[in-house]
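Here are my comments on the model you sent, set out as numbered points. I have kept to what can be read from the coordinates and have tried to keep related residues together.

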Amino acid sequence: MKYALFLALISLGINQTLVVAAIPTLMTWSEQTPNSPSLGVLVLAVNLNLVSYWFGASRWGSVAKKLGVTRTLHIAALGFISANLLFVATFYSESPHVWQIGVCRMLVGAFSCAFLPMAQMLLAAKNDATSAALSRLSSALTLGRLIGPSLLFLPVSFEYLLLLPVVMILPVLFSRFDIEFVQTPLGTEQELVTIRDRQYFIYASAIMTTAIVAVFQFYALEFLNLKGYRGEQGSDMYASLMLVTSVLLILYQVRIIPLLSQRRPELFLPILLFALMFGSTTLLVFGEFWWGLGLSLFGLIFAISGLPAWYTARLLASEENTIKQAKLSGYLTRAHTTGHIIGTGGASLFLHQEWTLSFLIATFSIALLFCASRLHLLTNEPAQIKSY
């Protein structure tokens with residue numbers, strides 16, 4: 001994978017978390033107050049990039065088929081740069097409006113959603129879409145999400161910090177990403193049914209994975225609140241917990257997951273699923289204690305860091321057509337976003353009803369265990385599996 005594209009993925013992570021972490025600053029600039037009814041509108045506007053990201057993720061494969069990967073990525077980079085510069089320009093007006101922020105964020109999402117599907121397609125085209133390579137690819141986004149909030153501690157104005165993702169995306173404009181598009185004939189009806197079954201379980205696994213992440217974020221907030229950490233102290237503790245989580249995630253994705261998948265491939269999935277159930281069970285039984293939270297964090301983060309690379313590798317391997325691989329990667333991005341929405345909605349409901357969030361995490365974990373196990377069977381015994 002070219003360093004230009006790796007830097008681009010880091011810049012996407014920085015852009016998302018930097019803007020979200022700077023919501024208090026945006027409140028001041030858009031003349032909102034903490035108790036303003038329109039504060040929710042501001043939060044919605046900042047996250048509108050997720051909407052355009054969801055809709056656009058599966059479209060860039062068709063664009064690449066018509067224009068080629070190099071030109072497609074150049075267009076995406078130029079669009080991303082323009083959207084961010086427009087966002088910066090709004091803060092030089094007398095009073096930026098919420099709708100201006102929303103439009104800029106939607107444009108950012110529409111162009112940024114091209115990079116991950118294209119990167120995964122390039123790996124697949126080079127026969128390098130392994131769990132190890134995909135894990136390292138995911139670490140770029142994780143690293144960006146870790147760097148983003150940290151930048152706010154620098155003595156630099158927010159609008160200048162926003163220029164960092166723009167600078168990091170520039171090498172894409174001076175790079176070429178030429179690949180040969182592979183067209184393959186359709187298989188038999190039985191083969192197509194088996195492939196579709198695999199893909200359904202992959203998308204279901206992706207939904208469950210990000211749903212667990214979303215619920216755990218709410219669980220951590222509730223845990224700190226019950227322990228008496230509120231206000232600024234609570235924010236500092238939560239930020240520290242998220243920092244530890246990000247560092248663990250990067251360590252797993254860059255070193256441990258690639259080594260495990262390459263040296264012991266037959267144990268890769270069983271170990272991940274054991275870590276998943278160990279983490280969720282520990283959280284369910286001992287989640288009220290600090291040590292219980294810590295042990296569950298180690299298990300859940302290990303599973304979450306490895307499973308996406310595992311099922312993404314199987315998704316790309318289910319299709320040899322290069323353009324379809326990009327589309328499948330886009331649909332996988334949609335599934336991850338859907339899981340975040342489902343997890344957030346489920347956690348909100350549980351909190352409203354004063355139910356224990358660890359039960360919801362355990363439920364999603366069991367569903368993920370089933371989907372991954374079923375996918376494993378379909379992958380290893382394609383000839384014997386029948387449609388159902």
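1. I begin with one serine and its surroundings. Leaving aside its neighbours within four places in sequence, Ser-358 is in contact with Tyr-219, Leu-283 and Leu-284. Ser-358 lies in helix H17, which covers residues 357–380, and with a relative accessibility of 3% Ser-358 counts as buried, because that value falls under the 20% cut-off. This is a predicted model, and the comments below should be read with that in mind.

2. On the overall architecture, the protein has 17 helices and zero strands. Of its 388 residues, 52% count as buried, while the accessible surface comes to about 18,300 Å², with 65% of that area belonging to carbon and sulfur atoms. Among contacts between residues at least 6 apart in sequence, 82% join residues at least 24 apart, and several of the individual residues discussed below can be read against that figure.

3. The pairing of H14 with H17 gives Ser-358 its setting. Two packed helices are described by the angle between their axes and the distance between the axes. For helix H14 (residues 265–286) and H17, the axes come within 9 Å and cross at roughly 165°; since angles over 145 degrees count as roughly antiparallel, H14 and H17 are therefore roughly antiparallel to each other. The crossing of H14 and H17 is left-handed.

4. Which residues of H14 and H17 meet? On the H14 side they are Leu-269, Leu-273, Leu-276, Met-277, Ser-280, Leu-283 and Leu-284, and on the H17 side they include Ser-358, Phe-359, Ile-361, Ala-362, Ser-365 and Ile-366, with Leu-368, Leu-369, Ala-372, Ser-373 and His-376 further along in sequence. The residues of this contact divide into 13 nonpolar, five polar and no charged. Leu-283 and Leu-284, both of which take part in this contact, are also among the residues that touch Ser-358.

5. A second pairing, between helix H1 (residues 3–21) and helix H6 (residues 69–90), has an angle of about 25° with the axes 13 Å apart, and that angle makes H1 roughly parallel to H6. The crossing of H1 and H6 is left-handed. The contact is made by Leu-5, Ser-11, Leu-12, Asn-15 and Val-19 of H1 together with Leu-73, Phe-80, Asn-84 and Phe-87 of H6, and these residues divide into six nonpolar, three polar and no charged.

6. Two residues of H1 deserve separate mention. Ser-11, found in helix H1, is buried, with a relative accessible area of 0%; not counting residues up to four places away in sequence, Ser-11 touches Phe-80, Pro-165, Met-168 and Ile-169. Ser-11 and Val-167 are 156 residues apart in sequence but 8.7 Å apart in space, C-alpha to C-alpha. Leu-5, which also has its place in helix H1, is buried with a relative accessible area of 0%, and, with the same sequence neighbours left out, Leu-5 touches Leu-73, Phe-115, Ala-119, Leu-122 and Phe-177. Leu-5 and Phe-177 are separated by 172 residues in sequence and by 9.5 Å in space, again C-alpha to C-alpha.

7. Is Ser-112 buried or exposed? At 6% relative accessibility, Ser-112 counts as buried. Ser-112 is placed in helix H7 (residues 98–112) and touches Leu-12, Tyr-53 and Phe-80, not counting residues up to four places away in sequence. Leu-12 and Phe-80 belong to the contact of H1 with H6 as well, and Phe-80 is also one of the residues touched by Ser-11.

8. Finally, I would draw attention to the backbone at two loop positions. Most residues other than glycine have a negative phi. Asn-127, however, has a positive phi of about 55° although it is not a glycine; Asn-127 is found in the loop between helix H8 (115–125) and helix H9 (131–150) and, at 72% relative accessibility, counts as exposed. Phi of Glu-354 is likewise positive, near 60°, in a residue other than glycine. Glu-354 has its place in the loop between helix H16 (322–352) and H17, and is exposed, with a relative accessible area of 74%.

Key. Residues numbered from 1 in each chain as written. Predicted model: local features only at pLDDT ≥ 70, side-chain atom pairs only at ≥ 80, totals over all residues. Heavy atoms only, no water. Helix = DSSP H or I, 4+ residues; strand = E, 2+ residues; numbered from the N terminus. Buried < 20%, exposed > 50% of the residue type's maximum accessible area, 1.4 Å probe, protein only. Contact = heavy atoms within 4.5 Å. Areas by Shrake-Rupley, 256 points an atom, 1.4 Å probe, with all protein chains shown as cover. Axes fitted to C-alpha atoms, helices over the stretch in contact; angles between N-to-C directions. Parallel < 35°, antiparallel > 145°, perpendicular 65-115°, else oblique. Left-handed = near helix turned anticlockwise from the far one by under 90°. Nonpolar A, V, L, I, M, F, W, Y, C, P; charged D, E, K, R; others polar.
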